[in-house]
Protein chains: 2
Amino acid sequence: MGQANPPSPLAPFIAKLERRCPLAPDDREALLALTPSVQRHDAGRYVVRAGEQNLSFMVLLSGYVHRHRVLANGSRQIVAVHLAGDLLILPHTAMRRTTESLQALTPVKVAEVAAASMIALSRERPAIAEALLLESIADASIFREWVINLGRRDARTRTAHLLCELGTRSAESDLGNRTTFRLPLTQEQLADVLGLTSVHVNRTLRGMKSSGLIDYGNGWVSVPDWTRLRKEADFDDGYLCLDPA
Amino acid sequence: MGQANPPSPLAPFIAKLERRCPLAPDDREALLALTPSVQRHDAGRYVVRAGEQNLSFMVLLSGYVHRHRVLANGSRQIVAVHLAGDLLILPHTAMRRTTESLQALTPVKVAEVAAASMIALSRERPAIAEALLLESIADASIFREWVINLGRRDARTRTAHLLCELGTRSAESDLGNRTTFRLPLTQEQLADVLGLTSVHVNRTLRGMKSSGLIDYGNGWVSVPDWTRLRKEADFDDGYLCLDPA
DNA sequence: CGGGACCTTGACGCTCATCAATTGCAGTGG
DNA sequence: CCACTGCAATTGATGAGCGTCAAGGTCCCG
């Protein structure tokens, strides 16, 4: 409350953590007292490359990042789209080599804290460890939903579902309204999220547009009728774990 | 070491935790001192049903369990296959209603500890919280791999990849050798894992069999040439996070 | 011996991938 | 101001991979 600290760049991230897992004032102070280094990257730049061993706990401060893997056969699958406030790399994950890359979709700012100091902090303060665990659990829940989406929904439903998720998460991260939000992905990138080809994504989006499900263009989506989209998408936001446990 | 506790049913689970995250003796003792209740379920029975609010931290002691969701259109997607020693429900996950069900594939034994006491324990003992976080991170990594598998690999590669994963995990859980392991899933259940139909799974498996990639039958798989299977599957076990961080 | 899972196989059709142009648009330099 | 360039979106034609439907076949168990 009455602290005189300089404003931390991590503040939005902490706020997001606290939506799931409220922290005691001294735990919050401890997080705010971290002095992350802040990196900027242009759109298209890699934040972390596959094969690198990164040693930092990382948080996305602004912009959009995707996490993807390039397969032996040359195809690519995007496994996550990160919004401002998202955790990009957990402290323990930082210690190991990854086979996935993180790439900026827009100009981004990323905060980095040495993994070791984050681990030390969460050992001292159980509440912080707990908050990180909850983030990790929520992430895993999203990945499972993507498995379902890719496994058992057709192109249109699958696309609609992705848009519902991104709308909801954008709203949750104060990046707009769930019915009007930014979507800084090319159709080819959307295809790599959805396990489709860009040609088919194009046809699917145009189909959704022409039936009035969504309005789409220029990196933005707007949803005239949320209930209808939600129904077509078979979307239930429970898996996003938005309410505190 | 020299403790006189009665053998805890959790011992194999703890051993598995420690492979990723060694514990100090007193932390291990604290886990061993838990007195879980042990439930048995027959094959086919639900361990947890979608929509229920379960209040227990749960560990699979023996047998096989799958986690799945039934969609509005009636189709089903299995999002995880759990082996003995796996964590079924994390403490915090236990507090919320789930949209996925856990169902026994074989007769199983499941240990339950009240979520609240597990949360209390991990607040007292940072090392335990840390071990749980690592488990959760490893789970999430597996889910991402499944996203990749469903999104960008064809039926044969995808099936081969699943078999590589289950072989490796079986070996890791001391359920056999990665080249000869139990696979207690019907072809219809495999289809629900792989996002295919049972007819196509059948053809895929027979194809793999007839080209000598695998030997399959009666709930068991054996792999004549691991390197070959691994290559066809585009499998790299890094995502399983088997080495300690 | 009958019933019920599960596996197997064939015929056919639909989604979605592939290949290949073409269009639109923003940036860039003459 | 206008070619020129390059990336993304769009569209059409064709075909493959996988789904759907339907019919046995096999094995286990009561």
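**Two protein chains and a DNA strand**

A polar backbone atom of A:Gln187 lies 2.8 Å from a phosphate oxygen of DNA strand D. The model in which this contact appears is a predicted one, and the contact is a useful place to begin, since further contacts with phosphate oxygens can be followed from there. In the case of A:Arg206, a polar atom of the side chain is found 2.9 Å from a phosphate oxygen of DNA strand D, while chain B takes part through B:Thr197, whose side chain has an N or O atom 3.0 Å from a phosphate oxygen of that strand. Two elements each give two or more residues to the surface near DNA strand D, namely helix H7 (198-210) of chain A and helix H7 (198-210) of chain B. H7(A) supplies the largest share of this surface, with four residues.

The wider surroundings of the strand can be described next. There are 15 residues around DNA strand D, and those that come nearest are A:Gln187, A:Asn202, A:Arg203, A:Arg206 and B:Thr197. By residue type, the surface near DNA strand D is made up of six polar, five nonpolar and four charged residues. On the DNA side, if one takes the atoms of strand D that lie within 4 Å of the protein, 65% of them belong to sugar or phosphate, and the rest belong to bases.

The relation between the two protein chains comes next. In general, two copies of a chain are related by a rotation about an axis together with a shift along it. Here, chain A is superposed on chain B by a rotation of 180 degrees with 0.0 Å of shift along the axis, and the RMSD is 0.0 Å. This is therefore the relation of a two-fold axis. Both copies use the same surface, as 100% of the contact residues of chain A recur in chain B.

Within chain B, strand S8 (residues 108-114) offers a view of the strand pairing. Strand S1 (residues 37-41) of chain B runs antiparallel to S8(B) and is joined to it by five bridges, with B:Val38 standing opposite B:Ala111 of S8(B). Strand S3 (residues 56-62) of chain B also pairs with S8(B) in the antiparallel sense, in this case over six bridges, and B:Phe57 has B:Val113 in S8(B) as its bridge partner. As for burial, where buried means under 20% relative accessible area, five of the seven residues of S8(B) are buried, so this strand is largely enclosed by the rest of the structure.

Key:
Residues numbered from 1 in each chain as written. Chains lettered and ligands numbered in written order. Predicted model: local features only at pLDDT ≥ 70, side-chain atom pairs only at ≥ 80, totals over all residues. Heavy atoms only, no water. Buried < 20%, exposed > 50% of the residue type's maximum accessible area, 1.4 Å probe, protein only. Pairing = 2+ DSSP bridges. Least-squares fit on C-alpha atoms with pLDDT ≥ 70 in both. Contact = heavy atoms within 4.5 Å. Near = heavy atom within 4 Å. Polar contact = N/O pair within 3.5 Å; in protein donor to acceptor, adjacent residues only side chain to side chain. Nonpolar A, V, L, I, M, F, W, Y, C, P; charged D, E, K, R; others polar.
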